[in-house]
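Trainee: Could you take me slowly through one part of this model, strand by strand, and then point out whatever else in the chain deserves a careful look?

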Amino acid sequence: LLQLLAATSMCLAMKPGSASDGLDRIFMSDLRAFYGPNAGYVQELYERYTADPSSVSADDRAYFDQVGADLLTIPVTSKPAATNGKSAAPASADVRAIVGAASLAQAVREYGHLRAGIDPLGTPLPGAPELDAAFHGINEAALASLPAEVVGGPAAEGAANAAVAMEHLREIYSGPVGYDFDHIQVAAERLWLQTAVESGEFSAPLETATRRALLRRLTQVESFEKFLHQTYLGQKRFSIEGNDVVVPMLDEIVHSAAGTGTREVVIGMAHRGRLNVLTHVLGKPYAAIISAFEGKKKTKAVSGDPSDQHDPSEDFSGDVKYHLGARLLRGEHGMAVEVPMVLAPNPSHLEQVNPVIEGMVRASQDICDKAGDPERDGRASVAIAIHGDAAFPGQGVVAETLNMAGLRGYTTGGTIHIIVNNQVGFTTDPRDSRSTLYASDLAKGFEIPVIHVNADDPEACLAVCRLAMAYRSEFGKDFLIDLVGYRRWGHNEGDEPLFTQPRLYEKINAHPTVRAVWAERLLASGEITQDEVDELVREAMDRLAGVRRSVTDGTAEIEEEEHAPSQRREVDTAISEEQIRRFHHDIHTLPAGFELTPKLARQWERRATLLDSADGKVDWALAESYAFAGIISDGIPVRLSGQDAERGTFSQRHLVLHDPNTDTTWTPLQSLPEAKASFAVYNSPLSEAAVVGFEYGYSVAAPGRLVLWEGQFGDFANGAQIMIDQFIAAARSKWMQLPSLVMLLPHGYEGQGPEHSSGRLERFLQLSAQDNLRVANCTSAAQYFHLLRRQALRLDVDPRPLILMTPKSLLRNPLASSDLAEFTQGTFMPVLDDPFVAESREKVTRIVFCSGKVAIDLVASKSRETANNVAIVRVEQLAPFQNTAIRAVLNAYPNATELVWLQEEPKNMGAWSFMEPRLRELTGSQITYLGRPERASPAEGALYIHNDEQARIVESAFSAFPKPSGNGSRTNGKSTSPAEPALTGTGRRRKQ
């Protein structure tokens, strides 16, 4: 346009009377003349210039300074003049009318959704003054006098004039669909969406056969809900009624996905409509769902053989029917492509499943069978996330998950989001549950196209689904459908909604169902008869009644998933010295021309020669690299993510190196010659809940890969507590899912305060039951190496989540480093005996059990050198409890009379509550507690208080115990805490 302004300026600078000829020459050039919106734009710029010259750019201001009022006399055409070899003078037109028409058209495109009829109950949207022609200084008569090109776009094609084109535009943008994508910043995407919407490419009317099939589908959906409502009155099912069309919408999305080569569809949703989706989309038999309502269960024969022992760790507790998931291999009526479908299980924490399905989809997309960074096939799987209208803006995990969509470690090539919009959350109105007009407005911040659609218009709903899938295919990005319906019953079927929304439910009770609305449309068009409509209902209800009879009389065949018991086996985790040395060489050999920052280069050079030095010991980070190298050399892919995971929170890891001169990176483990599988490491977004949920889903969907998440500090796992409680700890028992996620949580008391000390070990131990978690707190680099190797090598036979308290200060502590021989022989030891008293076991009278960093504090204590009556026993794996290993240690000390559990965490935290009853049951003896007293906060905030407390705890391990006070002991064989009064608060009072 600036080029055009400059050219026009040249024309107007000619002698009087030649301006028209100059403009004609512009028409003949490659530049566009001032017509339609261009003319209006120039006029608007000039009006702003006359009001305030500083309001326009310097270039525009210079132009207007030269042209002045002559601009108002420029003849403007409705379209470029035909030349056919001659110059034609443009016809005059009203510039202000053109400006007004162009502005109105733009307003309809931007704000038309504010006047769309998207509510089946008829509540109007607020509208916008910009949608009225008068706002732009124009009327319908003026529009009729202008050409359709003023409106522009596909909507104007073939229109007689601007008025007709504008009416078409209003029908598109303010009909049963509200198109809300002006917030998209990428021009190519906006243009694609506008063209797709206005051309009607995805909105072609359905054929009669398809319209009739849609009525059959809606009848199945409604009949299923009505049958359950009538037969199991008051039982919870979280009906889909009011948004029934979501089922045929899912049909359409799956059909479109199969057509683009997608090989799997993963759905995540809360409980609203879940049973209907299970049976009609994923094909779960009616009998299985009705059986759950009837309370039927499969009985297992008992052999009566005394050797047939029951293993409680393999008990399957299950979950309520509207939390369960399912799998289906689905083929669409003669389609060549069958699409496996997964509905991920989800607890009542609503949106928490969102990142889980993203992880599952990414696991299917990643190709990990060769060395290097995994390749990604975006067609392998697609995610569909079904949200609630109150939960979508209300729960933070939604925003966390949306933020991951474009990140390289987490993208899945576009998720289809559907908000099942009930217009009420439990009993809460929108005005009390969100601060935005639409439930979907959160998505705008992530530049996701949003389409609002009336749930009573099935044809429009299916068209929107086709548009969504085409957009995903074109741009590989998320798309959101705000499906505006209602909730026919209360939050659950035992709830009375008239108590809290009486006027809303008066409307709902009088409103016909979407099946009835659609049937009426087909009846009106003559595409079906009333008898056929009635027969569809009878057929659906009769089928359900027959299935129920077969369930109640015991003739129904109901398949149930079996919970396969785990196979236990030990694995060889050692690596030969030759292989370790090859790994070490390859890790530390930089590519030609690649440089490190000077400070890191010095460290890298020292570490490169470590194995050749006489006293060289392998620290924690190097041991981890050896473990990863060995795992991918065994053909097992590794994925590590977390906040600053590439470098490591404590600058210890350096898995990804950076060249300061070229800003390129190099990941040594991706170039390992011996690797047979991929290695991926990603710095995660600053999120715990969504990222942990993602990695959980990834581990479930890819059981043969070692998946690790690292918290920046162990305390940060607090932000993922729902994921830990509901998925990682319980999913095996509730849903028969077999997660194997490794959680690395930096843990240890070094005086860094209450937010950077504790990985909340006690919470994981409290959640440990039925062999569901492995919880460890290692004290040496070799132990960490062997534990990672064991976790990877047992993925195929005994997958379990591994919760690992990792060190901070021990990362570089020589006492936690290991000799090379410790990697080339041996394996992970769940309990480590005390080598200091190995030659004088008969002198030991006190056994101090401990775990983690405090064990190194004890070993480093000066008192250790003289206290040969004390054995320091490190419990490296806390859960499952190590009965056999601990008993073997106890048997090695025949004269021990004092059994102690020592920890640096407060008494109501750490491992004490888990270990004490188990040690007492194992030994039949009192267990003495040494450590911090019970506290509300995990650690002291002042370093000097920490130092006093830590020194006191360490010293107490070797000191004679005071006689227990009345408050410090428990009788009847239970534990005592004789040292606790001496530890409680004394250091604080003295310092003050």
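Mentor: What follows is a close reading of one sheet and the elements around it, and then of some other places in the chain.

Please keep in mind throughout that this is a predicted model. The part I would choose is an open sheet of five strands, in which the order is S19-S21-S20-S23-S24 and the pairing is mixed. S19 and S24 (928-932) stand at the edges, and each has a single partner strand, so one side of each is left without a neighbour in the sheet. Helix H32, formed by residues 912-923, packs on this sheet and touches S20, S21, S23 and S24, while its direction makes about 170° with that of S23.

Let us begin with S21, which covers residues 870-875. Six of its six residues are buried, so the strand is largely enclosed by the rest of the structure. As a general point, the side chains of a regular strand alternate between the two faces of the sheet. It is therefore useful to read S21 one face at a time: Val870, Ile872 and Arg874 lie on one side, Ala871, Val873 and Val875 lie on the other, and both sets are buried. Note that Arg874 is among the buried residues of S21.

The neighbours of S21 in the sheet come next. Strand S19, residues 831-832, pairs with S21 in the antiparallel sense over two bridges. Within this pairing, Val831 stands opposite Val875, and Leu832 has Arg874 as its bridge partner. Strand S20, residues 846-850, runs parallel to S21 and is joined to it by five bridges. Here Arg846 stands opposite Val870, and Phe849 has Val873 as its bridge partner. Between these two parallel strands the chain passes from S20 through helix H30, residues 853-860, to S21, and the β-α-β crossover made in this way is right-handed.

S20 itself can be read in the manner used for S21. Five of its five residues are buried, and the strand is thus mostly covered. Arg846, Val848 and Cys850 point one way from S20, Ile847 and Phe849 point the other way, and all of them are buried. S20 is also joined by four bridges to strand S23, residues 898-906, and these two strands run parallel. Phe849, already met as the bridge partner of Val873 in S21, stands opposite Trp901 in S23, and this residue is a convenient place from which to look along the sheet in both directions.

After this sheet, some details of the backbone merit attention. Most residues other than glycine have a negative phi, and most peptide bonds are trans. Against that background, the peptide bond from Ala879 to Pro880 is cis, with omega near -5°. Pro880 is placed in the loop between strand S22 (877-879) and helix H31 (883-891). Ser651, which is not a glycine, has a positive phi of about 55°, and His654, likewise a residue other than glycine, has a positive phi near 55°. Ser651 lies in the loop between strand S11 (638-642) and strand S12 (657-658), and His654 is found in the loop between S11 and S12 as well. Their surroundings can be told apart by accessible area: Ser651 is partly exposed, with a relative value of 28%, whereas His654 is buried, with a relative value of 12%.

Finally, there are helices to consider elsewhere in the chain. Helix H28, residues 781-793, has 13 residues, which at 1.5 Å a residue should span 18 Å, and its end C-alpha atoms are 18 Å apart, in agreement with that expectation. H28 is mostly covered, since 13 of its 13 residues are buried. Two packed helices are described by the angle between their axes and the distance between the axes. For helix H9 (residues 208-231) and helix H10 (residues 246-259), the axes come within 9 Å and cross at roughly 130°, which makes H9 oblique to H10. The residues that meet are Leu214, Arg217, Leu218 and Val221 in H9 and Val247, Pro248 and Asp251 in H10.

How values were computed. Residues are numbered from 1 along each chain as its sequence is written. This is a predicted model: local features need pLDDT of at least 70, side-chain atom pairs count only at pLDDT 80 or more; totals for chains, interfaces and linings use all residues. Side-chain values use heavy atoms; hydrogens and water are left out. Buried means under 20% relative accessible area, exposed over 50%, partly exposed in between (1.4 Å probe, protein chains only). Two strands pair if DSSP finds at least two bridges between them. A crossover is right-handed if, with the strands pointing away from the viewer, the path from the first strand over the helix to the second runs clockwise. The expected span of a helix is 1.5 Å times one less than its number of residues. Axes are lines fitted to C-alpha atoms, for helices over the stretch in contact, and angles run from 0 to 180 degrees between N-to-C directions. Angles under 35 degrees count as roughly parallel, over 145 as roughly antiparallel, 65 to 115 as roughly perpendicular and the rest as oblique. Contact means heavy atoms within 4.5 Å.
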